[in-house]
Amino acid sequence: MGKSRGLRTFAMILGPGVLLSACDGPQSALSATGADAIAMEGLFWVMLIGATLIWILINGLIYYVTRVYTGSLSPRLAHGLIVGGGIIFPLVVVTSLLVYGLSAMPEQRAMGDGVKLRITGEQWWWRVEYWPEGADPANPPVAVSANEIRLPAGSRAEIELTAAKVIHSFWIPALGGKLDMFPGRVTRMSLKPLSVGVYRGQCAEFCGQSHALMALNAVVMEPGDFDAWLKAEAQDAAPPKGYAATRGAEIFAQQGCGACHAVRGTPARGGVGPDLTHLGGRTSLAAGILPMDREALMKWILSPASLKPGARMPGYDHLEREDLSALATYLEGLK
Amino acid sequence: MTSDATHPSRAGRGNPEPIGTFPPTEEMLSEPVPEELARAQEERLRKTWETPKGWRYWTAVNNSEVGVWYSLTAFGFMLLAGVLALLMRVQLAVPDNDFLSAETFNQFFTMHGSAMMFLFAVPMFEAVAILILPAFLAARDMPFPRLSAFGFWCFVIGGVFVMGSVLFGVAPNSGWFMYPPLATKAEGLGSDIWLLGLSFIEVASIAAAVELIVGVLKCRPPGMRINVMPLYAWYVLVVGGMILFAFPPLIAGDFLFEMERSFDWPFFDPERGGDPMLWQHLFWIFGHPEVYIIFLPSIAIAAMIVPTAARRPMVGYSWIVLSAVGTGFLSFGLWVHHMFTTGLPNISLGFFSAASEAVVIPTGIQIFAFVATLMVGRVRMSLPMLWIAGALAIFTAGGLTGIMVAIAPFDWQVHDTYFIVAHLHYTLFGGMVFPVMAGVYYFYPFIRKQTMSERLGRWSFWLTFVGFNVTFLPMHLTGLKGMPRRVFTYPGDIGWDWLNMISTIGSFIVAAGILVFAWDLIRPKGHQPTPPRNPWDAGTLEWTHDVPAENWGTRSIPYVTSRYPLWDQPKLQERLDAGRYYLPDAAEGLRETMITSVIDARPLQVLRVTGPSWITLWAAAFTGGAFIVPTFHIYWPAILSAILAVACIIWWLWTSTAQIPEAEHKDVGLGLKLPIYVSGPEAPGWWGVWITMLGDSTAFASLVFGVFFYWTADRSFPPEGYPFVDMGLALGGAVLLSASWAVNLWVRGTARRQSAMQALALAMLLAIGGAAALIASAALPGLDPTAHVYPAIMWALIVWIVAHVSLGVIMQGYCLAGFAFGRITARYDAPLWNTCLYWHFLALQVLVAVAMTALLPRVL
């Protein structure tokens, strides 16, 4: 008896804890840190509790009348049940929910007042352009990047979304809800991250063969750190340091990588693939599917299509292993 | 007795009136039928309604055969689509799995959704309705049996074609929603297979819907006023109407889409003024009602089982009818909730959030009416009732998550995640699969005259119920933790792995439950004792069936005065069996059923329905060719196939419909004589055309919507530098086509055969001239449909009209031939009425199309 009571207390303390930690994750809408995501997480818990109670009520009633209750209700009361349960009760619940839920909407659709980003969905990666606070987006962006966004904590960033060929959807669950990206059309949202950290996001609209492999990290920084980072990101690429990196830069040029990729400050100006100017400074490779290290870079360059089916970048399996390693060293050094 | 009260003045010229007494008196009903006469009648009925034997079995068109084939085929497609789901679950069981390739996975999820929707859920409703509706109404058959058979064969051919593409690895791979530009630009045949194969099936679905609507409205037994008919019939009526208005926008979308795929008309290409959002709107204007098209018929099954289980009439019959109709209407106002993340203005989102939440009320009413009925009665927890209880438990959970996702900002988080996967499976399993299973257990003794195993049924229930929740309950969390839908793999370090493993295990438990059910369904039951005739003590007419089975549907067509005739009319069964009621005989050896008036079910006509034939199979095969061959971008054989299909259909109509009868009236018993041949608004064929043309006009309206959509989406529509449609030629075309319509109408009023024929020939020439003028009005100014979406949509309207005029000319030619060969006369003029009705709609479409092409762009 005492033992089972102890177990029960233990379970009651541990249960919700385990449950809540089971909800955590780098891409979880239930580990919200952005203002909009926090509002939606709150709304969710309220709705979950309400829905659970209503479910128990209805199904408890069905169980009761089919299994326990043997009497016969008067038709008058039965009609009362239809009107009360089918009309009045849902009307009250749903109206209050609409008022409460929809009031959260304008915030996420409000204009941002901080940094501006334009993110373009490509198959299957993200093109990212930055304008500092107060800049006119008609001017060229101060920095071009890919597959990672950085935001300062505490201010509402303005985000313009568009797409190259097919529809994608931009979503960082911990920061806020998603918005679709259309070719030939611009959609707008804003995000207000509140805590420093790295949050994972992923394309949410089916966009073809490797839809599953189109992710990105959102890195939220202290505002001061962010300003410094953006200044650095706007700079040209650092020249290669050391023998291997210098050799890698030569191979990069020889192999014609610059036809598709840009490395600012070098002759490489291609715009088909991601900008690589500060590739080594990013937290992941190939749109969030590989870690950013030399091994991963080599694996990717060797055969992109085996890691991301349908990727348009050709494989460079004709490169000597040493050259491949040098190329990876060069790219990793582009911080 | 007067003619149909709903259309007293517009009835066909010279339609004879029914003669005699109605309603029958108690004295007439209690008079016994001589034994010998009854025996002879039974013999004749049996012979008339006999199912063909041997290889000719497949020529059967009777609802009891076609309904069984139809539902088994739909069930087979469900099993195949379920296997695809299991394979996907294996792939997702562990992270970074390579059991399926990305391409294969994408084909599988596309086909899982498409097949479950188009090859299982909607056809299953139509199959079940064809199978059991006539019995609810004590009708001998559906009003157009060959149309049911034609629809079934179309479904088989189209379904095998679409589903078969998976085996060759060329299946559609852009999702069941086929969003352009991904799907328009997809390489290979997949998108074409989806568009053409499923359009073909959609046409068959609409055909079935037309037949079901006419069945409910015109084939009820005498006395069964519309407020007395079984709730199932109400739901069939509502759902038939929804199909009629929901499928055409999709068909219009398919038409635009395939024109882009085949001929590069840029409807959805943003670089040439097109807009992928138009497809999303058209798709979801179809797609959302689709959800209720699936859900309502299953609730209808529940509405039949619940009163039987409670042994009490349904409480709140009128509430339920109003709710069903209300849900039908509301469902057309919610489609934008599938597009909450597309960046529409907040005001639209608020409106559609509120509209979506409003569905809670009719749904709540229906569920609480069931609960109230259970409370009023004393419940017997039979196996079907167990499945219904399971359905309610699952469906209410799906409904409650539906309330959550209808809140737009919350949907921004969960849209296109596993949360939605969980939500939609809760609504569809609870709202469709479980009630249909309940229905199979409930109606099995009616359909097969055997019973399914109680023990296996409980095993199947618990396996499916537990497995379902193990699979889908965790998916809510998987989605909240950020896992999007339609991903073929996922990384192992973000906390999705154990949730996916649980779901995969659950999916195999569901599969086990379905397998137990399938085994019970098909296992030999020959040793069973014959079950009682009315095993559940139900109150509705299907349980007057004959055990062992007879093909005649009902021995005689009863006079019905109650919602639950078997409970309230104690002598009904005995009199029905004795042949005391209407049409107890088949003296001429022809298949006959009764047509009654729409509202108050007064007898109007004896309808001679069509019998077994190969022609339906041939017509379906050639129609299939016309849809399937263009998939491969080959057009001449397709055109040939289309011509053969039209020829088959003409032959079928010519040889079997609106035959001139041997007498004006037929004695149907109980002192009543009914006309055999009626034309115009009293005839079921006229209703069929009228209802079909409502659907057709909806598709046309969708194209018109497209024009306005492009205009509102792009201020510079029509763009500078593109020519207008020639005003003179367009107006000339409209005048010629209107003249053709007027001449056609005049023919309906004339009594002289010679002048009718001359006038019909003139009408055909006018129509052909009008169509040519419309083509010239766009071709001469040089509108190039591949250059921009503006000329493309103008051409789309003209192509639509020209195709309809071609059909209109064929119909006029049919009437001309009818006069020439004496099949149509001033008295026997049903085809002429139907042709005129078609031309009413066509003339209206012509005027709108000319206004849209020639006038509107000049004004904008």
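Two residues are in contact here if their C-beta atoms, placed from the backbone, lie within 7 Å. Keep that cut-off handy for the exercises below.

This is a predicted model, where local features need pLDDT of at least 70, side-chain atom pairs count only at pLDDT 80 or more, and totals for chains, interfaces and linings use all residues. Residues are numbered from 1 along each chain as its sequence is written, and chains are lettered from A in the order in which they are written.

**Exercise 1. Find the residues that B:Y235 is in contact with, leaving aside its neighbours within four places in sequence.**

Step 1: Apply the cut-off and you get B:L296, B:P297, B:I299, B:A300 and B:A324.

Step 2: Now place B:Y235 in its core. A nonpolar core is a set of buried Ala, Val, Leu, Ile, Met, Phe, Trp, Tyr and Cys residues joined through C-beta atoms within 7 Å. Buried means that 20 or more other C-beta atoms lie within 10 Å of a residue's own. The largest such core has 403 residues, and B:Y235, B:V236 and B:A438 are those with the most contacts inside it.

**Exercise 2. Describe the overall build of chain A: is it compact or spread out?**

Step 1: Count the secondary structure, which comes to 9 helices and 12 strands. These are DSSP runs numbered from the N terminus, with helices (H or I) of at least four residues and strands (E) of at least two.

Step 2: Compare radii. The radius of gyration of chain A is 26 Å, well over the 20 Å that the globule rule gives for 335 residues, so chain A is more spread out than a compact globule. The radius is taken over C-alpha atoms, and the rule is 2.2 Å times the number of residues to the power 0.38.

Step 3: Check the box and the burial. Along the principal axes, the C-alpha atoms of chain A fill roughly 90 × 50 × 35 Å, and 44% of its 335 residues count as buried.

**Exercise 3. Work out which elements of chain A touch chain B.**

Step 1: Size up the interface: 71 residues of chain A are in contact with 67 residues of chain B.

Step 2: List the elements of chain A supplying at least two residues each: α2 (35–68), α3 (75–102), α4 (105–109), β7 (179–181) and β9. The largest share, 15 residues, comes from α3(A).

Step 3: Sort that side of chain A by class: 42 nonpolar, 21 polar and 8 charged residues. Ala, Val, Leu, Ile, Met, Phe, Trp, Tyr, Cys and Pro count as nonpolar, Asp, Glu, Lys and Arg as charged, and the others, Gly among them, as polar.

**Exercise 4. Take chain B apart into domains and look at how they meet.**

Step 1: Get the bounds, which come from an automatic or database domain assignment: domain 1 is 68–522 and domain 2 is 691–859. Their C-alpha centres lie 36 Å apart.

Step 2: Look at the contact, which takes 23 residues from domain 1 of chain B and 22 residues from domain 2 of chain B. On the domain 1 side, α7 (190–218), α8 (231–263) and α9 (276–310) of chain B give two or more residues, and α8(B) gives the most, with 8 residues. That side divides into 17 nonpolar, 3 polar and 3 charged.

Terms used
A residue is buried if 20 or more other C-beta atoms lie within 10 Å of its own, exposed if 12 or fewer, and partly exposed in between; C-beta atoms are placed from the backbone.
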